[in-house]
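Reader: Hello! I am new to this structure, so could you walk me through it?

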Amino acid sequence: MRPSLVRLARMVVKHKVTGYEEFTKLAESLESSGEPVHILFTGSKDENGESWCPYCVKAAPVVTKALETAPEKSHFITVEIERPFWKDQNCPYRKDPRTHLVFLPTLLRWRSPQRLDGSQCANADLVDMLLQDED
């Protein structure tokens with residue numbers, strides 16, 4: 001195997017989605033892989049690359065740095081949520097029992113009670129712990 005392929009095999013597989021249906025389809029499809037799936041729900045970005053969510057802006061560099069040492073063969077999904085969609089109290093991300101979002105950002109391990117909400121996502125120790133923990 002060529003070195004570049006070995007390196008790719010050891011990295012987190014990153015995915016980015018924008019819609020609820022796209023998110024659920026991807027998350028469900030990754031369940032059967034047996035590999036950890038972490039999901040970051042964050043505010044969408046404008047044309048300048050800035051999120052409307054101030055806590056999301058603070059958390060972004062912390063999460064990006066933590067991904068450098070995340071377990072190999074794991075998946076990381078970034079779900080960008082538009083502000084008007086998020087502000088709707090009937091937003092499916094809020095109502096879905098698998099996500100049950102209350103805050104943005106939220107970082108969670110799919111199909112697990114492990115999660116970080118709001119300003120916790122900007123705490124490097126907590127983010128590292130969530131991404132590294134096997135259980």
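Author: Happy to! Contact here means heavy atoms within 4.5 Å. The model is a predicted one.

Reader: Which residues does L101 touch, not counting residues up to four places away in sequence?

Author: L101 sits in the loop between α5 (92–95) and β4 (106–109). L101 and F41 are 60 residues apart in sequence, yet their C-alpha atoms are 8.6 Å apart in space. Leaving out residues up to four places away in sequence, L101 touches F41, I81, W86, Y93, R94, T106 and R115.

Reader: Is L101 buried or exposed?

Author: Buried means under 20% relative accessible area. L101 has 2% relative accessibility, so it counts as buried.

Reader: Which element gives the largest share of the largest nonpolar core?

Author: That core has 21 residues, and F41 and Y93 are among those with the most contacts inside it. At least two of its residues come from each of α2 (20–31), β2 (37–43) and β3 (75–81). The largest share, five residues, comes from α2.

Reader: Which cysteines does the disulfide join?

Author: The structure holds one disulfide. Its S to S distance is 2.4 Å, and the link is right-handed, with 75° about the S-S bond. The two cysteines, both buried, are C53 and C56.

Reader: Why is the sulfur of C121 not in a bond with the closest cysteine sulfur, in C56?

Author: A disulfide needs cysteine sulfur atoms within 2.5 Å. The sulfur of C121 is too far from that of C56 for a bond, because the distance is 8.0 Å.

Conventions:
Residues are numbered from 1 along each chain as its sequence is written. This is a predicted model: local features need pLDDT of at least 70, side-chain atom pairs count only at pLDDT 80 or more; totals for chains, interfaces and linings use all residues. Side-chain values use heavy atoms; hydrogens and water are left out. Helices (H or I, at least four residues) and strands (E, at least two) are DSSP runs, numbered from the N terminus. Buried means under 20% relative accessible area, exposed over 50%, partly exposed in between (1.4 Å probe, protein chains only). A nonpolar core is a set of buried Ala, Val, Leu, Ile, Met, Phe, Trp, Tyr and Cys residues joined through side-chain atoms within 4.5 Å.
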